[in-house]
Amino acid sequence: MESKRKILLSIGIILILFFVCVFTSQVEATEEKEYCYLSDMKYVTNQSSVGWGSITLDKNLDTKYNGGLITLIVDGQPKKFLKGIAAHATSTVVYDITDY
C-alpha cells in the first residue's frame, strides 16, 4: 500500500509540474498560444534529487517497457506520452519558472 501511495504521489507531482509549466507559459502576444514542456526546460540540478535511479526526460524510467514512453493509467487504461519527466518516488524536481 505504501509503494502505491508513493507512485501516485510521484505521478501527481509530475502532472502538477506539467500543468504549471503549460499554464504559466502561455503568451498572448500572437494569435497562437505558446507553451513549453518541462522536459525541454532545465531543472535546478543543485535543488533537485531523486530517491532511486535518475530523473529522465521524455522517456520512462525503465525503457524496456512501452517503447520507452512515459505511461500512466488514465481511466483504467494505459496512456502513453511523448513528452514529460519521470522521477521515482521520494524525488524532488525543481524548476525556475520566473521567465515564463
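Is Lys-83 buried, exposed or partly exposed? Select Lys-83 to start the tour: with a relative accessible area of 27%, Lys-83 is partly exposed. Keep in mind as you look around that this is a predicted model. We will come back to Lys-83 after a look at the whole chain.

**Stop 1: the whole chain**

Show the chain as a cartoon and colour it by secondary structure. You should find one helix and four strands, and reading along the sequence gives the pattern α-β-β-β-β. Helix H1 covers 2–24. Strand E1 covers 56–57 and strand E2 covers 70–74. Strand E3 spans 77–81, and strand E4 spans 85–86.

Now switch on the surface. The chain exposes about 7,400 Å², and carbon and sulfur atoms supply 57% of that area. Of the 100 residues, 24% count as buried. Among the contacts with a separation of 6 or more, 59% are between residues 24 or more positions apart.

**Stop 2: the salt bridges around Lys-83**

Hide the surface and select Lys-83 again, this time together with Asp-40 and Asp-58. Side chains of opposite charge can pair when their charged atoms come close. The chain has two salt bridges. In one of them Lys-83 pairs with Asp-40, and the closest N and O atoms are 2.7 Å apart. Lys-83 sits in the loop between E3 and E4 while Asp-40 sits in the loop between H1 and E1, so this pair ties together parts that are 43 residues apart in sequence. Asp-40 is exposed, with a relative accessible area of 52%.

Lys-83 also forms a salt bridge with Asp-58, where the closest N and O atoms are 3.1 Å apart. This pair too links distant parts of the chain, with Lys-83 in the loop between E3 and E4, Asp-58 in the loop between E1 and E2, and their positions 25 residues apart. Seen together, Asp-40, Asp-58 and Lys-83 are linked in a network of salt bridges.

**Stop 3: two backbone angles**

Stay with Asp-58 and look at its backbone. Most residues other than glycine have a negative phi, and most peptide bonds are trans. Asp-58 is not a glycine, yet has a positive phi of about 60°. Its relative accessible area is 26%, so Asp-58 counts as partly exposed.

Next, select Asp-75, in the loop between E2 and E3. Asp-75 has a positive phi of about 50° and is not a glycine either. With a relative accessible area of 78%, Asp-75 is exposed.

**Stop 4: a residue in the E1–E2 loop**

Move to Asn-60, which lies in the loop between E1 and E2. Is Asn-60 buried or exposed? Asn-60 counts as buried, because its relative accessibility is 19% and the cut-off for buried is under 20%. Show its surroundings as sticks: leaving aside residues up to four places away in sequence, Asn-60 touches Tyr-65, Gly-68, Leu-69 and Ile-70.

**Stop 5: the aromatic pairs**

For the last stop, show the tyrosine side chains. A pair of aromatic rings is described by the distance of the centres and the angle of the planes. How many aromatic pairs are there to find? The count comes to two. Begin with Tyr-35 and Tyr-37: their ring centres are 5.4 Å apart and their planes stand at 90°, so the pair is edge-to-face. Tyr-35 counts as exposed at 52% relative accessibility, while Tyr-37 counts as partly exposed at 26%.

Then select Tyr-43 and Tyr-95. Their ring centres are 6.3 Å apart with the planes at 70°, so this pair is edge-to-face. The pair links distant parts of the chain, 52 residues apart: Tyr-43 is in the loop between H1 and E1, and Tyr-95 is in the segment after E4. Tyr-43 counts as partly exposed at 23% relative accessibility, whereas Tyr-95, at 12%, counts as buried.

Note on methods. Residues numbered from 1 in each chain as written. Predicted model: local features only at pLDDT ≥ 70, side-chain atom pairs only at ≥ 80, totals over all residues. Heavy atoms only, no water. Helix = DSSP H or I, 4+ residues; strand = E, 2+ residues; numbered from the N terminus. Buried < 20%, exposed > 50% of the residue type's maximum accessible area, 1.4 Å probe, protein only. Contact = heavy atoms within 4.5 Å. Phe/Tyr/Trp six-rings, centres within 6.5 Å; stacked < 30°, edge-to-face > 60°. Areas by Shrake-Rupley, 256 points an atom, 1.4 Å probe, with all protein chains shown as cover. Salt bridge = Lys/Arg side-chain N within 4 Å of Asp/Glu carboxyl O.
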